[in-house]
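Okay, everyone, thanks for squeezing me in. Let me put the model on the screen and walk you through it.

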Amino acid sequence: MAISKVTTASITDADITTAKLAYDAAPFRNIIINGDMSIAQRGTSTSGLGSDGATTYVLDRFKFQVNGSVSTARYTVSQDTDVPTGQGFVKSSKIDVTTADASLNSAYYSFYRQEIEGQNLQYLKKGTANAESITMSFWVKSNKTGTYICEIDDNDNSRNINKSYTINSADTWEKKTITFAGDTTGTLDNDNGSSFRIFWWLAAGTDFTSGTLATDWESTVNANRAVGQVNLADSTANEWYITGVQLEAGEVASDFEFLPIDVNLQRCERYYEKTYNLSVAPGTSSDPGNRRDAQSSDGASNAVAVRNYKVRKRATATLTFYTGTTSGSVSYERSGASGTSTVNAWSKNGENGYAAYFGVGASWSGVHIEYHLIADAEL
Amino acid sequence: MITKVEKTYNMDGVTFSGYRITKNNIISLVPLDEANTDYQAIQQWIADGGTVIDNPPE
C-alpha cells in the first residue's frame, strides 16, 4: 500500500543519510583540508624521510613525522593513483618503508598527521556541556594487517582521545569510520594556532604503547596513545595508503565532500602557495609562471618587489625566492648589466603580502627582476 | 634541519625585520611572527645553542 503521508516522526534521524537528501545539507562540513589527497604543491614524492625529528609535508596539509634520532627506519611519502574503486577518488597518500626497523626503540614514533586551526573548531563547543561528538572516516589500505591507532590531540589543553581501527585484509581498500565523544573539558583557543592535531599512527615504541589506550578524552599520557599499534616499519615490503579523509561534527559519517579543484587549492593556499604551475615542484624549473616585475631601482640601487598573495595567509609567511633551481635569489636585468641578487632587506610583511628589496648594482630606471616565490604559513 | 640563521633589516638599516635561514639547503626569509612555525623553530634552535649571525647594513 502506498504511503500517503510522511511526518518527521516517521523517519528516525539516523535513517536520514546524505544519499537520501536532494542536496548537500552541510557544505564545508569536512574539517580536514585536502582529504582527497588531490593537492601536492611541494612535489609528489619525497624519499629518505626519517633521518631526523623534522616534520615533512609532501601532500598539502598532511605532515609526516618520525623520531628518526632513535631509528634507522626510512620512508618515501608520495601522492599515488592507487585508490578505492568506484568511490570518485583519483589520488591517495602512500607511505612506503624503504629501510626497516623491526625492533623499535622505546621512544620511536612514526605518524601521518594534520593540524587544524582553533578558529575552525569553535562550533564543536569543546570544553562545554554541549560539546559535539566528531566522526572520522577514511579509506585505508596496507599489506600490513592488524591494529592501528587514530588520535585526536587537543594541542591547547594537552588532552587526547585515541581509537583503534583494524586493517583486516592485506592490500585491500577498506573504509573506516570512528566516532570520538565530545569533550566537556578544555575549550579551544579561538585563533590561528594549532588546536587539533589528528594523528594516524604507523609505528610506536613502548613509551607510547605500554599503558591503556585512551579511548575517552584524558590529559595526555604518552603510554596511553598508541597501545596495540602494529609496527609498519618492520619490513621494506610494507606500505600504507590513505584517502577520502573526512572529520565532521556528529556521530554519523556522511559521504565524502568533494570540492572543486579551485576551492580545494585555495583552502590549501591559506597555508602554502607558489608561483609555479601546480604540477611543478619548487626549485625544479625556471618557467612557466615566474614573476617579472618592471620598475626603477632606488637611490640605494635596490629594485623592490611588492606583492599581495593569491590567498590571505594563516600567519605572516616564510618567503623563499628562487632563480631557476637556486633558492635565496632573484635574477635581474637592466641596461648594461644582468645577474642574480639576494634580498638586501624586507618589510611590510603580513598575512596578505610583502616588500623585498634586491640589489641590482646601480640606480637605474628600467629594471626587470624575475623570480619564483614560495609563501609558507603552515602549522 | 636549520644550519644557518642571519638577522635581516628594513631599508632603514636599523629596524630588525626577520631572519634569513638555511634549512635543508634552502634559503628562506622568516618573519618575526610567533605564529610562524619557522620562527618557532629558530627560537628552539637558538635555545639549543645556535648562534644567529648579525651584520647590520652599514
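So, chain B and chain A together bury about 1700 Å², with 53% of that on carbon and sulfur atoms. Keep in mind that this is a predicted model. If you look at who does the work on the chain B side, it's M11(B), I27(B) and L29(B): they supply 35% of the area chain B buries against chain A, more than any other three residues. In terms of contacts, 21 residues of chain B meet 25 residues of chain A.

What about polar chemistry across that interface? The rule finds twelve residue pairs in polar contact between chain B and chain A, both partners at pLDDT 80 or more. Salt bridges, on the other hand: zero across this interface.

Where on chain B does the touching side come from? Strand 1 (2-9), strand 2 (16-23), strand 3 (26-31) and helix 1 (37-47) of chain B each put in at least two residues. Strand 3 of chain B gives the most, with six residues. And if you sort that side of chain B by class, you get ten nonpolar, eight polar and three charged residues.

Okay, on to the inside. Nonpolar side chains tend to be buried together in soluble globular proteins. Here the largest nonpolar core has 46 residues, and those with the most contacts inside it are Y112(A), Y165(A), F196(A), W200(A) and W240(A). Strand 11 of chain A, residues 194-204, is the biggest giver to this core, with five residues.

Let's zoom in on Y165(A). Setting aside neighbours within four places in sequence, Y165(A) has contacts that include F138(A), V140(A), I178(A), and two names you just heard, W200(A) and W240(A). There's also a second, separate core of 21 residues, with Y309(A), A317(A), W346(A) and L373(A) among them.

Last stop is T135(A), which sits in strand 7 of chain A, residues 134-142. Is T135(A) buried or exposed? T135(A) counts as buried because its relative accessibility is 0%. And what does the side chain of T135(A) reach? The backbone oxygen of G250(A), at 2.6 Å.

That fits into a wider patch of contacts: beyond four places in sequence, T135(A) touches T177(A), I178(A) and T179(A), and also a run that includes Q246(A), L247(A) and E248(A). For E248(A), the C-alpha atoms are 5.4 Å apart, although T135(A) and E248(A) are 113 residues apart along the chain. By the way, I178(A) touches T135(A) and is also in contact with Y165(A).

That's my tour. Questions?

Notes: Residues are numbered from 1 along each chain as its sequence is written. Chains are lettered from A and ligands numbered from 1 in the order in which they are written. This is a predicted model: local features need pLDDT of at least 70, side-chain atom pairs count only at pLDDT 80 or more; totals for chains, interfaces and linings use all residues. Side-chain values use heavy atoms; hydrogens and water are left out. Contact means heavy atoms within 4.5 Å. Buried area is the accessible area (1.4 Å probe) that two parts lose on being put together, summed over both. A salt bridge is a side-chain nitrogen of Lys or Arg within 4 Å of a carboxyl oxygen of Asp or Glu. A polar contact is a pair of N or O atoms within 3.5 Å; within protein, one must be able to donate a hydrogen and the other to accept it, and residues adjacent in sequence count only if both atoms are side-chain atoms. Helices (H or I, at least four residues) and strands (E, at least two) are DSSP runs, numbered from the N terminus. Ala, Val, Leu, Ile, Met, Phe, Trp, Tyr, Cys and Pro count as nonpolar, Asp, Glu, Lys and Arg as charged, and the others, Gly among them, as polar. A nonpolar core is a set of buried Ala, Val, Leu, Ile, Met, Phe, Trp, Tyr and Cys residues joined through side-chain atoms within 4.5 Å. Buried means under 20% relative accessible area, exposed over 50%, partly exposed in between (1.4 Å probe, protein chains only).
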